[in-house]
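This report treats two topics, the cysteines and one open sheet. The sequence and the structure are shown below.

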Amino acid sequence: VFTKSSPTQEERDQFISDMMKLCEERKIQRVPWLIIDPMIFALKHSTRENAETVVSLLTCFKQSTVLSSPNRENIFIERRDKSAVKVNDKEYKIIHPFKHPGAGPCKKSGECSFIIRWHKDIDSVNYTLDLITDSDYYVNTGVHYHDILSARDMCVYRVATLTLVDGTELDTVQLPGLGGCWVDWLPHRTKEKLKHFYIAYNVSDYMVAR
């Protein structure tokens with residue numbers, strides 16, 4: 001939206017209000033500050049005229065306890081090197097070692113983990129991600145799955161380092177389908193290097209129950 005126009009203050013206030021209502025009604029995961037902060041920092045280096053407006057909007061997100069949290073509710077799971085296994089030309093499975101704090105003592109063989117299946121959509125360059133819950137899929141992987149895990153509580157994203165023409169390096173958060181937005185906001189970049197893939201896992205339900 002902001003690459004094509006600059007919403008008025010009234011429109012931005014309405015957007016924040018609508019998002020807060022949506023999050024309260026549907027219990028949508030709050031955005032961690034660990035994601036918001038680098039976005040604000042990177043946008044402060046943007047040459048676009050309305051970049052300050054976006055920074056202001058993200059700051060409002062950060063100030064709202066309904067829309068964001070200082071990471072207490074999220075466990076950040078980094079993908080390990082060589083954790084991706086190629087199934088075929090259109091499918092990969094990626095093992096993420098992770099024990100949910102609500103899983104309790106575990107005596108199963110292998111490491112507590114979950115597997116995300118990446119499969120390319122037909123006639124598309126895009127991938128669909130699925131949390132694998134079928135125990136047969138975990139055979140001979142050296143890991144096992146706990147039923148307490150839920151795809152609803154996961155947010156997949158990546159961090160890439162962008163180098164600007166003046167040599168400044170910025171770590172940018174890129175959500176699925178939105179990685180290309182930094183082309184608009186930081187057109188004066190000269191290089192991009194993938195740093196890490198992460199999954200932010202929301203454990204707020206466990207914390208409330210506890």
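## Cysteines and an open sheet

The structure contains zero disulfides. C112 takes part in none, and the nearest cysteine sulfur, which belongs to C106, lies 3.7 Å away. A disulfide requires the two sulfur atoms to be within 2.5 Å, so the 3.7 Å between the sulfurs of C112 and C106 does not qualify. The model is predicted, and the values in this report are computed from it.

Two cysteines can be set side by side by relative accessible area. C112 counts as buried because its value of 11% falls under the 20% limit. C155 has a value of 23% and is therefore partly exposed.

| Cysteine | Relative accessible area | Class |
|---|---|---|
| C112 | 11% | buried |
| C155 | 23% | partly exposed |

The sheet is considered next. Four strands make up an open sheet with antiparallel pairing, and their order is β3-β11-β9-β10. The edge positions are held by β3 (74-78) and β10 (169-174); each has a single partner strand, so one side of each has no neighbour in the sheet. From one strand to the next, the twist averages 30 degrees.

At the β3 edge, the partner strand is β11 (residues 189-202), which runs antiparallel to β3 and is joined to it by five bridges. Within this pairing, E78 has Y198 of β11 as its bridge partner. In general, strands of a sheet pair through backbone hydrogen bonds.

A helix also meets this sheet. Helix α2 (residues 33-43) lies across β3, β9 (154-164) and β10, and runs at about 130 degrees to β10.

Notes:
Residues numbered from 1 in each chain as written. Predicted model: local features only at pLDDT ≥ 70, side-chain atom pairs only at ≥ 80, totals over all residues. Heavy atoms only, no water. Buried < 20%, exposed > 50% of the residue type's maximum accessible area, 1.4 Å probe, protein only. Pairing = 2+ DSSP bridges. Helix = DSSP H or I, 4+ residues; strand = E, 2+ residues; numbered from the N terminus. Axes fitted to C-alpha atoms, helices over the stretch in contact; angles between N-to-C directions. Contact = heavy atoms within 4.5 Å.
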